[in-house]
Amino acid sequence: MVCGNPANHTQRLVQSSERVLVGATGAQRGAQPDAPFPHGGDLAMEARAIQGTQNAEEPFFSPDGQWVAFFAGNKLKKLAVSGGVPLVLCDTPVGLGGSWGADGTIVYATRDAATGLFGVPAAGGTPVQLTQPVAGQGD
C-alpha cells in the first residue's frame with residue numbers, strides 16, 4: 001500500500017478506490033528501477049511493474065483509477081495502469097506531489113516552496129500557476 005523511493009527512502013500511501021501502489025520498487029524486485037507496482041483490491045495478488053514508469057516519483061491516480069500520473073525527468077507524465085507509452089503532460093521541475101481532480105485538472109506542487117501550486121489539464125498543456133506564496137507569511 002505504500003510507494004517507496006530507494007533514493008531517499010520516502011514512503012507514501014498512494015491509492016485510488018480500485019488500485020494501490022505498493023512500496024516495493026522494480027530495483028528491489030529485480031525488475032525495472034524505481035517503478036511503482038499496482039494492485040487491484042486484494043493485496044495478496046502478485047505485484048507487477050507498470051512498464052514505462054522508470055524513475056517515477058510522487059505517483060498519484062486519476063479519479064477512476066485507470067491512469068497513474070508521476071514526475072520523471074523534469075516532466076509530469078501519465079500512463080494507463082494497463083500499460084503503454086507514458087504521455088508527457090508538461091515540463092516541470094521535480095514534483096512534490098499532485099492530485100487529479102474529477103474535472104480533469106491536475107494540481108501539483110514542485111519542490112521549490114517559492115513557486116506555489118500549478119494546474120494543468122489531464123490531457124496535457126501549459127501549466128498555470130494557481131497560487132503564489134507570500135514571503136514571510138509561512139506559506
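Start by selecting Lys 75 and Asp 91: Lys 75 stands opposite Asp 91, which sits in strand E8. Keep in mind as you click around that this is a predicted model.

**Next stop: the two strands around that pair.** Select residues 75–80, which form strand E7. Now add residues 87–91, which are strand E8. How do E7 and E8 pair, and over how many bridges? They pair in the antiparallel sense, over 4 bridges.

**Now widen the selection to the sheet.** E7 and E8 belong to an open sheet of 4 strands. Follow the order E5-E6-E7-E8 and you'll find antiparallel pairing. Which strands are at the edges? Look for strand E5 (57–61) and strand E8 (87–91), each of which pairs on one side only. Try turning the view to look for the twist, which averages 20 degrees from one strand to the next.

**Zoom out to the protein chain.** Colour it by secondary structure and you should find 1 helix and 12 strands. Where does the helix come in the running order? Trace from the N terminus: you pass β-β-β, then the α, and then the run of β-β-β-β-β-β-β-β-β.

**Last stop: surface and inside.** Switch on the surface display. The protein chain exposes about 7,200 Å², and carbon and sulfur atoms supply 54% of that area. What about the residues tucked away? Of the 139 residues in the protein chain, 42% are buried. To finish, show some contacts: among those between residues at least 6 apart in sequence, 23% join residues at least 24 apart.

Technical notes:
Residues numbered from 1 in each chain as written. Predicted model: local features only at pLDDT ≥ 70, side-chain atom pairs only at ≥ 80, totals over all residues. Heavy atoms only, no water. Buried < 20%, exposed > 50% of the residue type's maximum accessible area, 1.4 Å probe, protein only. Contact = heavy atoms within 4.5 Å. Areas by Shrake-Rupley, 256 points an atom, 1.4 Å probe, with all protein chains shown as cover. Pairing = 2+ DSSP bridges. Axes fitted to C-alpha atoms, helices over the stretch in contact; angles between N-to-C directions.
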